[in-house]
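Look at the model below before reading on. The paragraphs that follow go from the whole chain to single residues.

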Amino acid sequence: MRLTDLRGILQYIPQFRDKTFILAIDGAIVTDENFATLLLDVAVLWSLNIRVVLVHGASAQIKALADEQHLTASDLDGAGITDAATLKLALTAANRLTHEILEGLSANDLRAASTNVITAHPMGIIQGADHLFTGKVERVDVELLQWLLAQGVVPVIPPLGFDGDGKTYRVNSDGVAAAVAEELKAIKLIFITSSDGLIHRGQPLRQVPVAELAKLLQHDHAGFARDMLSKTQHAVAACRAGVPRVHIISGEVDDGLLAVVFSDESIGTLVYANEYQYIRAAKKKDVRAIQLLTKQAVEADELLKRSRTAIEQSLGDYFMFEIDKNPVACVALHVYAEQRQGELACLYVSSSHENQGIGRKLIQFVENKARELNLRELLVLSTQAFTYFQSKGGFAEGTPDDLPPPRREKYEQSGRNSKVLIKKLT
Ligand SMILES: CC(C)(COP(=O)(O)OP(=O)(O)OC[C@H]1O[C@@H](n2cnc3c(N)ncnc32)[C@H](O)[C@@H]1OP(=O)(O)O)[C@@H](O)C(=O)NCCC(=O)NCCS
């Protein structure tokens, strides 16, 4: 490991300390060879004072058990009809699985406890069909969970609910995870599955605002794979209930859990509730971030080299694009008031966030600013991204004669021979 990686991780610690994460693990992942690493990662999170609750499913194990006993389960995921025989299978499968998880946690020196924190009632009769022993989550025993967490104990929650009469119901683990995340005011709900995030009509969804995902569900739920529908619905429900970020990641990828927590990289799908990415004016502390961000592009001669002093002197022109409070892109608007012209400059999007439309958002942002200032045209000088500004930003090729005189002089001195692009605003 590089020491700089550690620095990268440390910047997230204050934000996550004493906060709660819910990990919703599919049964199939528990039998994956990567599961031991996943539990080691849970131990890492605990060591950083992040409170982790584990919720697990059991579909894969119910199916295996049914096959072993030459039975057909009436339902696997706790959403359909659970008959008496299937409930029996679910009890055996879920208990075995909880035990396996407890074993794995103690192998990592973590104290853990299997819990009965879900009060459930029968799902009832839906469209004429009695769902028998399928339950719906009625209440979460928050007090018990908080107490366990405060004692440093990892609560493990099986996909089973209990009613006041001591009857057990099979509940859907995604629903349990969403309810627990809401009640514990978790800041992250992470579904750990066999698939690398959500795909809609062949298009992977990387970062999607909850409103957009809800719209896709409403208008075209058939566009999602059937086995991901429940996660999609519960991701939306959890976000709407106040969980700011829901991730859906693959449990088969090494380091997936740590990467999703400690980096800005797009792993799987992130569904977010609030506007977690936004553009803001640069501050003094951003000067270094601007230099670090653009270093590579300067070396590749894509961007002009700017000294610390030069950035500081025109800091008011710079804007940062932040994701989760980390700057991942920047742009500047230099104004030539006399000529009523603006220059879009220093546009840079970090390579880990390319091709997500951030560049376009920043161009639009600068263009709106320029219009607000009643400028008549926007200029860009570019050596390697001129077709980008033409095709994605609506700029047209201009000439050095279009530059305002003071800028023209600098242009000639620089010898970079950049192309001049222009966009009329009036
Ligand atoms: C150019 C840059 C700002 C694009 O940012 P981005 O956020 O990745 O771009 P977007 O997501 O808005 O757009 C992506 C699209 O632009 C295209 N694109 C990206 N860089 C391009 C370039 N240099 N030339 C032409 N097209 C480019 C992509 O292929 C993609 O096309 P598609 O939508 O048809 O698949 C970014 O790559 C960058 O920082 N480059 C280095 C610095 C630079 O050249 N800055 C401009 C000088 S002021």
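Helices and strands are here DSSP runs, with at least four residues for a helix and at least two for a strand, numbered from the N terminus. Counted in that way, the protein has 16 helices and 23 strands. Keep in mind that this is a predicted model.

Begin with the whole protein. Its C-alpha atoms fill a box of roughly 85 × 50 × 35 Å along the principal axes. How much of the protein counts as buried? A residue is called buried when its relative accessible area is under 20%. By that cut-off, 49% of the 426 residues are buried. The accessible surface comes to about 20500 Å², and carbon and sulfur atoms make up 50% of that surface. The contacts can also be sorted by distance along the sequence. Among contacts with a separation of 6 or more, 72% are between residues 24 or more positions apart.

Next, consider the interior. In soluble globular proteins, nonpolar side chains tend to be buried together. The largest nonpolar core of this model has 83 residues. Which residues have the most contacts inside it? They are I22, V42, L54, V180 and L189. Take L189 as an example. With neighbours within four places in sequence left aside, L189 is in contact with I22, A24, A177, A178, A181, A238, V243, R245, V246 and H247. I22 thus appears both among the core residues with the most contacts and among the contacts of L189. There is also a second, separate core of 22 residues, which includes F319, V331, L333 and L378.

Now turn to the charges. The protein carries 46 positive and 52 negative charges, and the mean positions of these two groups are 7 Å apart. Side chains of opposite charge can pair when their charged atoms come close. How many salt bridges does a search of the whole structure find? The search finds 19.

One of these joins the side chains of E322 and R280, with 2.8 Å from N to O. E322 belongs to strand β18 (residues 318-323) and R280 to strand β17 (residues 277-281), so this salt bridge ties together parts that are 42 residues apart in sequence. Both E322 and R280 are buried.

Another salt bridge is formed by E377 and K424, whose closest N and O atoms are 2.8 Å apart. This pair also links distant parts of the chain, as E377 is in strand β21 (residues 377-382) and K424 is in strand β23 (residues 419-424), 47 residues apart. Are the two partners buried or exposed? E377 has a relative accessibility of 4% and therefore counts as buried. K424, at 58% relative accessibility, counts as exposed.

A further salt bridge is made by the side chains of D401 and R408, at 2.3 Å from N to O. D401 is exposed because its relative accessible area is 60%. R408 has 25% relative accessibility, so R408 counts as partly exposed. Elsewhere, D26, D174 and K231 are joined into one network by salt bridges that share partners.

The backbone also has some points to note. D255 is not a glycine, yet D255 has a positive phi of about 70 degrees. Where is D255 found? D255 sits in the loop between β15 (245-250) and α11 (256-262). With a relative accessible area of 45%, D255 is partly exposed. C346 is likewise not a glycine and has a positive phi, of about 55 degrees. The place of C346 is in strand β20 (residues 341-349), and at 5% relative accessibility C346 counts as buried.

Finally, take two residues in loops. T115 is in the loop between β3 (111-114) and β4 (118-122). At 7% relative accessibility, T115 counts as buried. Which residues does T115 touch, not counting those up to four places away in sequence? T115 touches L148, P155, V156, I157 and P158. A222 is in the loop between α9 (210-220) and α10 (226-240). A222 is exposed, with a relative accessible area of 58%. The C-alpha atoms of A222 and I29 are separated by 25 Å, and these two residues are 193 residues apart along the chain.

Definitions and conventions: Residues numbered from 1 in each chain as written. Predicted model: local features only at pLDDT ≥ 70, side-chain atom pairs only at ≥ 80, totals over all residues. Heavy atoms only, no water. Buried < 20%, exposed > 50% of the residue type's maximum accessible area, 1.4 Å probe, protein only. Contact = heavy atoms within 4.5 Å. Areas by Shrake-Rupley, 256 points an atom, 1.4 Å probe, with all protein chains shown as cover. Lys, Arg positive; Asp, Glu negative; His and termini not counted. Charge placed at Lys NZ, Arg CZ, Asp CG, Glu CD. Salt bridge = Lys/Arg side-chain N within 4 Å of Asp/Glu carboxyl O. Core = buried A, V, L, I, M, F, W, Y, C linked by side-chain atoms within 4.5 Å.
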